[in-house]
Each structure stands twice: as structure tokens, then as C-alpha cells.
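Hi,

Here is the structure I promised to pass on. Have a look at it first, and then read on for what turned up.

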Amino acid sequence: MEQINYDISAWLEEMLTSSAGEWEKINENFKYREMICQLCLALATDAWEKNKNKSLKEAHRVLEIIYMQDFASAAKLNTEMETQPVLRDIAAILEKFMLRAELKAIDSALLDDMPSDGKSYVKWLKKLIAGHKSNLHPFYNDFLANHATKEHLASYITQESTLDPRFDDILAMMQIGLPVQQKMELANNYYDEMGNGKVELVHSSLFSQAMTALNIDEEFVKQNRLDAALVCGNVSAALALSRRHYFKAVGYYGVTEYMAPRRFKHVVNAWKRNNLPDVGIVYHDLHIVIDAGHANGWFNNVVIPSIDENPDVGIEIAQGALIRLNSSEKYLDQLYENFTKELTIA
């Protein structure tokens, strides 16, 4: 085991190609693991407290590598390798700083009048969403609706690939340990994601069809993915993978479901305006109707009973919602700026 330099992502990628024996040595060497943790603390401090852009990129790359392992099929992993002690050491440190920064960015005054009963809470939460810039962002309502070309759509779908292909797995994970009513709502949502039992309609496969129609491959994603999109993907994964962040995830994904239908109408219109193959837009077309129902079910059967059972979780649901709204705003701002640099809009 060699001394790790500041490039933790490169070390991690190399380790993931090593042997089970090498991992066992690290797992049993607590001084070495402490050194890894100290490096991660230094990286996280530079990234989220000192706002060093290079460190922020590196921290998110490290988290991306870890989440790729967390969401990977067992068939793609070396099942003899016990990576979790080290990966969880690293993820816990980086996630703490990442989510603390997201929470710090929330305007606490927005939560001052939060109701304590479920139905009133949902009305309040919808009003909170409606008033946020990302809800009716000009990227969708103006640029995508009126100006986006095939190339713009390819870049957009690339950014969306940090979350959409994982959504079925995220729903599966979020169901663990829930009361029956909430579990049933997420299970119904999950079954829709799985094409209601029809293999050809599984939503992750339909999303892949959109990528294929636009000639998007792994290299294209690597060359064109924005930093803000990776942040959204990492925050999404962090909230879904940890049971202690469940209520934040409820708010986060509730917003995702609620905003999708309006957003996807613009995607479908842009797709048709560019005369792209119909097979590629099935995913977004389906979600215009499906997600409207999912959003209502999410609010009525997950949020309301959660608040009625314990009003104290309202703060976490709202925080999750605002994390989604704020991170979405940054991501859409970056897309909009990039796409309109050379465009004169009358």
C-alpha cells in the first residue's frame, strides 16, 4: 500500500481494479484508513468551505465513483472484494460537507410559516415550489420550448442521465421499512418505472432509447456533462442511499415528480420540432401523464401521513424540497447560460 496523494479519485479507481487481498489489507489497517479519512477531510474543507473549484470537482468525482459501485449490478463487481468499510468512510465525510453546504444555502425564512398538519403542509409546500425560480425556469419555458436544436437536446439528455436511469433503483431503496400506505405508493410508482411488467416499457430502457436516438454514448457524456448536473446526481444518490435522509429524499423526489410533467412537455415539443425519431421521446411523453399522478400520490400518500404522524419531519421534507429546487436552479442556470451565449433572442 502506497501513500495516497491528493488525487483520491485516481487512487480509488486503481483500487477498484485491484484484488480482494489488497482491500482486506486496507480494511484491517486502521492507520491507513485514518490517513484516507484525513485526506478526505482536507479535500472536503477545500471544496465546500474554501470554495476551491478544483477540489470541488475532485470531491464530486470521488462520490460519483462510489455511487457507481453502490448502484452497480453484482454481476459487474468482484464479489470477493469487501470495499464497503473504506467507501463508507470516504462517502460519510464528503456527504457531510456536501449536504451541509446545501442546507446552508437554504433561506431559513422560507420555513417560518410551515404548517403542522398534513393537508395544510402540502398546500404550503406546493406554494413554496411554485414560487421558486426553478419551477418555471426560462431554460424550459423559453429556450427549450422555442430554440433548442438536436445538439442542444443531446446535451440536455446527457445532463439528465445523472438521475433518470437510476430512478427505479432509488424508488426500490426508499421503500425499505416504510409503513404500508407509503410503501404502496412508492411501490406503485416503482411498478410504473418497471413498465408495469412489460420489459419493452421499462423506463430506464426508454431513457436509453432517447440517448441512442441522439447518438449519446459514454464518451459523449464524459465530454459534455456539466459540473452542476453531476452535483444533482450525487445529491440525489446521497439522499436515496441513506435511511437517515429518508424524509429529505421525500421532499427532494416529491419536487422532482411535481415539476416533471410541465418540464417534459417542452422536451417533447422540442423533440418533435426537430423531427427526431418518435421512439426516442417515449420516455418523456409517458412521464407527462404518469408523473402528474405520481406527484399527487406522493403528496397525499407519503407526505401527508408522514406529517400527520410526526410534524417534526416537516422541516426535513421541506429541506429536501429546497435542496432539489436550489440544485435544479444552478443546473438549469448553467445550461441556459451555455446554450444562449451565441443566441440572440428577440
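A word on terms before anything else: a residue is called buried when its relative accessible area is under 20%, exposed when that area is over 50%, and partly exposed in between. Keep in mind too that this is a predicted model.

Let's start with the salt bridges, where those terms come in handy. The search of the whole structure turns up twelve of them. One to look at is the bridge between arginine 33 and aspartate 89, whose closest N and O atoms are 3.1 Å apart. This pair ties together distant parts of the chain, as arginine 33 sits in helix α3 (residues 30–49) and aspartate 89 in helix α5 (residues 84–104), 56 residues apart. Arginine 33 has a relative accessible area of 14%, so it counts as buried. Aspartate 89 comes out at 22%, so that one is partly exposed.

Helix α5 takes part in another bridge as well. Aspartate 70 and arginine 88 meet through their side chains, at 3.1 Å from N to O. Again the pair links distant parts of the chain, with aspartate 70 in helix α4 (residues 53–70) and arginine 88 in helix α5, 18 residues apart. Arginine 88 is partly exposed, at 32% relative accessibility. There is also a network: Glu13, Arg61, Glu64 and Arg225 are joined by salt bridges that share partners.

For a bridge inside a single helix, go to glutamate 22 and lysine 25, with 3.3 Å between the closest N and O atoms. Why are these two about one helical turn apart? Because they are three residues apart in helix α2 (residues 20–28). Glutamate 22 is partly exposed, with a relative accessible area of 26%, and lysine 25 is partly exposed too, at 48%.

Next, the cysteines. How many disulfides does the count come to? Zero. Cysteine 37 and cysteine 40 show why: the sulfur of cysteine 37 has its closest cysteine sulfur in cysteine 40, and at 6.4 Å that is too far for a bond, given that a disulfide needs the two sulfurs within 2.5 Å. Looking from the other side, the sulfur of cysteine 40 has its closest cysteine sulfur in cysteine 37, at 6.4 Å. Cysteine 37 is buried, with a relative accessible area of 18%, and cysteine 40 is buried as well, at 0%.

Now for the empty space. The largest pocket holds about 1800 Å³. It is lined by 46 residues, and those closest to its centre are Glu64, Met68, Thr162, Arg225 and Leu230. Two of those names, Glu64 and Arg225, also belong to the salt-bridge network mentioned above. The elements that give two or more residues to the pocket lining are α3, α4, α5, α11 (203–213), α12 (218–224), α13 and α16. Which of them gives the most? That is α4, with ten residues. By type, the lining divides into 19 nonpolar, 14 polar and 13 charged residues.

Besides the pocket, the search finds three cavities of 30 Å³ or more. The largest cavity has about 200 Å³ of space. Its lining has 17 residues, and nearest its centre are Asp164, Thr256, Ala260, Phe264 and Asp291. Two or more lining residues come from each of α14 (246–273), α15 (282–309) and α16 (314–340), and α14 gives the most, with six. The lining splits into eight nonpolar, two polar and seven charged residues.

The second largest cavity has a volume of about 70 Å³. Asp164 turns up in its lining too, along with Gln159, Glu160, Thr162, Leu163, Ala229, Cys232, Arg324 and Tyr331. At least two of the lining residues come from each of α8, α13 (227–241) and α16. Here the split is four nonpolar, two polar and three charged.

Last, a single residue to click on: serine 155, in helix α8 (residues 150–160). Is serine 155 buried or exposed? With a relative accessible area of 11%, it is buried. Apart from neighbours within four places in sequence, serine 155 is in contact with Phe220, Leu335 and Phe339.

Cheers

Technical notes: Residues numbered from 1 in each chain as written. Predicted model: local features only at pLDDT ≥ 70, side-chain atom pairs only at ≥ 80, totals over all residues. Heavy atoms only, no water. Helix = DSSP H or I, 4+ residues; strand = E, 2+ residues; numbered from the N terminus. Buried < 20%, exposed > 50% of the residue type's maximum accessible area, 1.4 Å probe, protein only. Contact = heavy atoms within 4.5 Å. 1 Å grid on protein atoms, 1.4 Å probe; cavity = no way out; pocket = protein on both sides within 12 Å on 5 of 7 lines; lining within 4 Å. Points joined across faces, edges and corners; volume = space filled by probe spheres on them. Nonpolar A, V, L, I, M, F, W, Y, C, P; charged D, E, K, R; others polar. Salt bridge = Lys/Arg side-chain N within 4 Å of Asp/Glu carboxyl O.
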